[in-house]
Amino acid sequence: MKSTTPFHQIKTEFSLPHATTVGGSKIFLDYLGKIKLGSALQQISGTKAKNALFPVYRILLYLIVGWILGAERLFHFRKWQQDSLIQRFLGGRCPHHSLLYKELNRLGKTNPNNLKRNLQKLQIERIRPCLPPSLILDLDSTVETVYGHQEKAAKGVNSHKPGHQSLHPLLAFEGQSRMCLYAQLRAGNVHSSTNAGPFLEQAFELLGEQKVKYARIDKGFGGEEFYALLEKQKIGYAGKNEMDKTSGGGSG
């Protein structure tokens, strides 16, 4: 008769000291290495000593990886501090999540507009090889519900969570590749058309000489000045517009 080892006598040992919980992210980390994102981020100055243990580019790279893996708060990064795969990708240690608060606060005080522009230009240059020769510009906005005291959080129109604070960013996508070309964070209590003109001008500035075939505009954008910006660039456009009751209602 075969004997069976009682459950309480089964031995347990931890023999995988270098195990990772994010093994599926390796293909994404390989992609970041292939496009040399780390090297590109090193071109961005953050007024920090060159021999710092965690230079600016490693902080930014860690933030990008963490957000892709689903971190919605900075303290969520604590789960990856000892992860062997992410440590190897970053070239050594991962910064403590409390350091991320300090670094973002410091970067926010040392010429944040210049840092923002450099990151935007870097993004466009990284994705430009993936873009078609002639672009379709899709302009949209969305409402993101937030919980807490995030910057620019405010109560506005929020069909998903009425009465909750939210953010209302503007977005510009390329319609064929679905690449995000440009985005701008705004408070949750503004209309879709608020600052839409400057947003479009900044998108054109980032695109440079890249040809735009035509633009597709979501409901809420519009106005003579906004359309004039597209016409000045000789870009055709199509969009949704609300019609008043005297015109029969509906949208076109």
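**Figure 1. Isoleucine 86 and the residues around it.** In this predicted model, which residues is isoleucine 86 in contact with, leaving aside its neighbours within four places in sequence? They are Val22, Tyr62, Val65, Leu69, Trp80 and Cys94. Take a moment to find Cys94 in this group, since it comes back in a later view. Cysteine 94 is buried, because its relative accessible area is 4%, under the 20% cut-off.

**Figure 2. The largest nonpolar core.** Here we step back to a core of 28 residues, the largest nonpolar one in the structure. Ile86 is among the residues with the most contacts inside this core, along with Leu37, Leu41, Tyr62, Phe77, Trp80 and Leu100. Which helices each supply at least two residues of this core? They are H1 (26-34), H2, H3 (56-68), H4 (84-90), H5 and H6. The most comes from H3, which gives seven residues. Another core lies apart from this one and has 26 residues, including Leu135, Leu206, Val212 and Ile235.

**Figure 3. Helix H6 and its packing partners.** Helix H6 runs through residues 112-127, which makes 16 residues. From the first C-alpha to the last, H6 reaches 23 Å, close to the 22 Å expected at 1.5 Å a residue. Which residues of H6 are buried? Look for Leu115, Gln120, Leu122, Ile124 and Ile127. These buried residues pack against three helices and a strand: helix H2 (37-41), helix H5 (97-109), helix H7 (196-207) and strand E6 (180-184).

**Figure 4. Glutamine 184 and its polar partner.** Glutamine 184 is found in strand E6, one of the elements that the buried residues of H6 pack against. Is glutamine 184 buried or exposed? Its relative accessibility is 13%, so glutamine 184 counts as buried. The side chain of glutamine 184 makes a polar contact with the side chain of glutamine 202, at 3.0 Å. Setting aside neighbours within four places in sequence, the contacts of glutamine 184 are Pro169, Leu170, Asn195, Phe199 and Gln202.

**Figure 5. Cysteines without disulfides.** A disulfide is a covalent bond between the sulfur atoms of two cysteines. How many disulfides does the structure hold? The count is zero. Cysteine 180, shown here, is in no disulfide, and its nearest cysteine sulfur, that of cysteine 130, is 14 Å away. Why is there no disulfide between these two? The two sulfur atoms would have to lie within 2.5 Å of each other, and they are 14 Å apart. Cysteine 180 is partly exposed, with a relative accessible area of 27%, whereas cysteine 94 is buried at 4%.

**Figure 6. Two salt bridges, each inside one helix.** A search of the whole structure finds five salt bridges, and this view shows a pair of them. In helix H1, aspartate 30 and lysine 26 sit four residues apart, about one turn of the helix. Their closest N and O atoms are 3.0 Å apart, and they form a salt bridge. Aspartate 30 is partly exposed, with a relative accessible area of 41%, and lysine 26 also counts as partly exposed, at 45%. In helix H5, arginine 106 and glutamate 103 are three residues apart, about one turn of the helix. Their side chains meet in a salt bridge, with 3.0 Å from N to O. Arginine 106 is partly exposed at 21%, while glutamate 103 counts as buried at 7%.

**Figure 7. A salt bridge between distant parts of the chain.** Arginine 178 forms a salt bridge with aspartate 138, and the closest N and O atoms are 2.9 Å apart. Where does each partner lie? Arginine 178 is in the loop between strand E5 (170-174) and E6, and aspartate 138 is in strand E1 (residues 134-141), 40 residues apart. Arginine 178 is partly exposed, with a relative accessible area of 46%, whereas aspartate 138 counts as buried, at 11%. Now add Arg216 to the view: salt bridges that share partners join Asp138, Arg178 and Arg216 into one network.

**Figure 8. Tyrosine 227 in helix H8.** Tyrosine 227 has its place in helix H8, which covers residues 224-232. With 15% relative accessibility, tyrosine 227 counts as buried. Finally, look across to glycine 197, which is 30 residues from tyrosine 227 along the chain. The C-alpha atoms of these two residues are separated by 8.8 Å.

Technical notes
Residues are numbered from 1 along each chain as its sequence is written. This is a predicted model: local features need pLDDT of at least 70, side-chain atom pairs count only at pLDDT 80 or more; totals for chains, interfaces and linings use all residues. Side-chain values use heavy atoms; hydrogens and water are left out. The expected span of a helix is 1.5 Å times one less than its number of residues. Buried means under 20% relative accessible area, exposed over 50%, partly exposed in between (1.4 Å probe, protein chains only). Contact means heavy atoms within 4.5 Å. A polar contact is a pair of N or O atoms within 3.5 Å; within protein, one must be able to donate a hydrogen and the other to accept it, and residues adjacent in sequence count only if both atoms are side-chain atoms. A nonpolar core is a set of buried Ala, Val, Leu, Ile, Met, Phe, Trp, Tyr and Cys residues joined through side-chain atoms within 4.5 Å. A salt bridge is a side-chain nitrogen of Lys or Arg within 4 Å of a carboxyl oxygen of Asp or Glu.
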